[in-house]
Each structure stands twice: as structure tokens, then as C-alpha cells.
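Could you walk me through this model in my viewer, one selection at a time? I am new to it and would like to know what to click on and what I will find there.

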Amino acid sequence: LCPRLSTTQNVNSSYCVGSPKQYQLCPNQPCPSPSVSFKQHQCSQFNSKSFGRRYYQWTPLYPADYISISNKPCDLQCTTISGERQLLVPAHDGTFCRDAKYHGVCIEGICQPVGCDGELYSSKTVDRCGICGGNGTSCQRISGSYRKALTQLGYVFIINIPAGASDIQIIERHKTENILGENLQLL
């Protein structure tokens, strides 16, 4: 709200300091299953509106995790189930958005950043170790090659991957008759 200030000429005028609105995110809770996405809900609101005397079933053109082809990440693009028609409307505030720089939510048509800490306007990101706001020093990279020739039939133990390991890549560098398998054991 803008406080009313009187001027030297005894005429009331409005004067605002800062933004007239403040936004914050509600606590993030999982939606009950089954439920439709917020984008799906917004698109389905057009199901009751006629287009050229016809009614259509509308769905989002792009899933929530896709960077849309629009140069405005807060443009909601809907399409009919048949793909026959499309429409472009502004997404409602709170709609998940993504652009080349960050993930966020739409506020007044602009994709505002949300940090990995779940805070609006936060610049915190996940480091290479998967730690929100970390500096990348809490983990270590381990790599190696298994080069032993197999002389027996059956299963051969190669490596134990510790609990909590992430970004795991296993590459078979040369074609062999062996089959790479896994044995999961919870300790």
C-alpha cells in the first residue's frame, strides 16, 4: 500500500517506496495423486469456451520441464488433444517456468528465479556434489577401469559403489560377449 503524504501545498499525493507487492512461495507439498499439473489446469479452462462454434479439449503443448520455443518462458502454450489448434496465453502467477538461466515461477509474466533452497529470488544452486549452496568440495571424483581377463564362467565381482554415490557412468569400451549386470544389496 502507498502511504498518503501531504505536500507543502496541502494537496494529498501518493508516494510509494519499493515494490507495492511482495511475493513468497508457499511451503512445497506434493500434490495428491492423481492430479493434473497447474499448466494442465490452466489449459483445461478453455474447454468450456467455443472456438469457431466448436469446443475442444485443451492440454499444455510442452511439459513442465521443457524450455518452450517462445522467447517468453511465462507464455502458456496450449494445444487441442488432436493437435488441430493451438493458443498462447499468459501463464498464471506461480506457474513453473524455465529459461536458459534458471528454474523459477512466473510472477506478473516474468520468470523469477527460485533457488535450490526453495526460496523465491534466491541465487543458490546445486553444486557438483549435489549440495544446495555448496562449493563443490564435499565430494570426490573416483574413476577407474576394469581390465582383467575373465577366466571363469558365471558372475564376477567388479566394483562396490558406495551408498550416496551420484552421477555414475559405466561405459563398456569394447564389445564383448559378457553381460554387465548389477546386484543391489541393502546394508
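Start by selecting G104 and P113: G104 stands opposite P113, which lies in β10. Keep β10 in view and add I107, which stands opposite I110 of that strand. Bear in mind as you look that this is a predicted model.

Now widen the selection to β9, residues 103–107, together with β10. The two strands run antiparallel and are joined by 4 bridges. Between the strands of this hairpin there are 2 residues, and E108 takes a positive phi near 50°.

Next, bring in β8. You now have an open sheet of 3 strands in the order β8-β9-β10, paired antiparallel. Which strands are at the edges? They are β8 (96–98) and β10 (110–113), each of which pairs on one side only. Turn the view to compare directions: neighbouring strands of this sheet are turned by 50° against each other on average, ignoring direction.

Leave the sheet and move on to the largest nonpolar core, which has 13 residues. Select W58, L76, C78 and L87, the members that touch the most others in this core. Then colour β6 (75–80) and β7 (86–90), the elements that give two or more residues to the core.

For a last stop, centre the view on C78. What is C78 in contact with, leaving aside its neighbours within four places in sequence? Its contacts are C43, W58, T59, P60, L61, R85, Q86 and L87. Two names here should look familiar, since W58 and L87 were selected with C78 a moment ago.

Definitions and conventions: Residues are numbered from 1 along each chain as its sequence is written. This is a predicted model: local features need pLDDT of at least 70, side-chain atom pairs count only at pLDDT 80 or more; totals for chains, interfaces and linings use all residues. Side-chain values use heavy atoms; hydrogens and water are left out. A nonpolar core is a set of buried Ala, Val, Leu, Ile, Met, Phe, Trp, Tyr and Cys residues joined through side-chain atoms within 4.5 Å. Buried means under 20% relative accessible area, exposed over 50%, partly exposed in between (1.4 Å probe, protein chains only). Contact means heavy atoms within 4.5 Å. Two strands pair if DSSP finds at least two bridges between them. Axes are lines fitted to C-alpha atoms, for helices over the stretch in contact, and angles run from 0 to 180 degrees between N-to-C directions.
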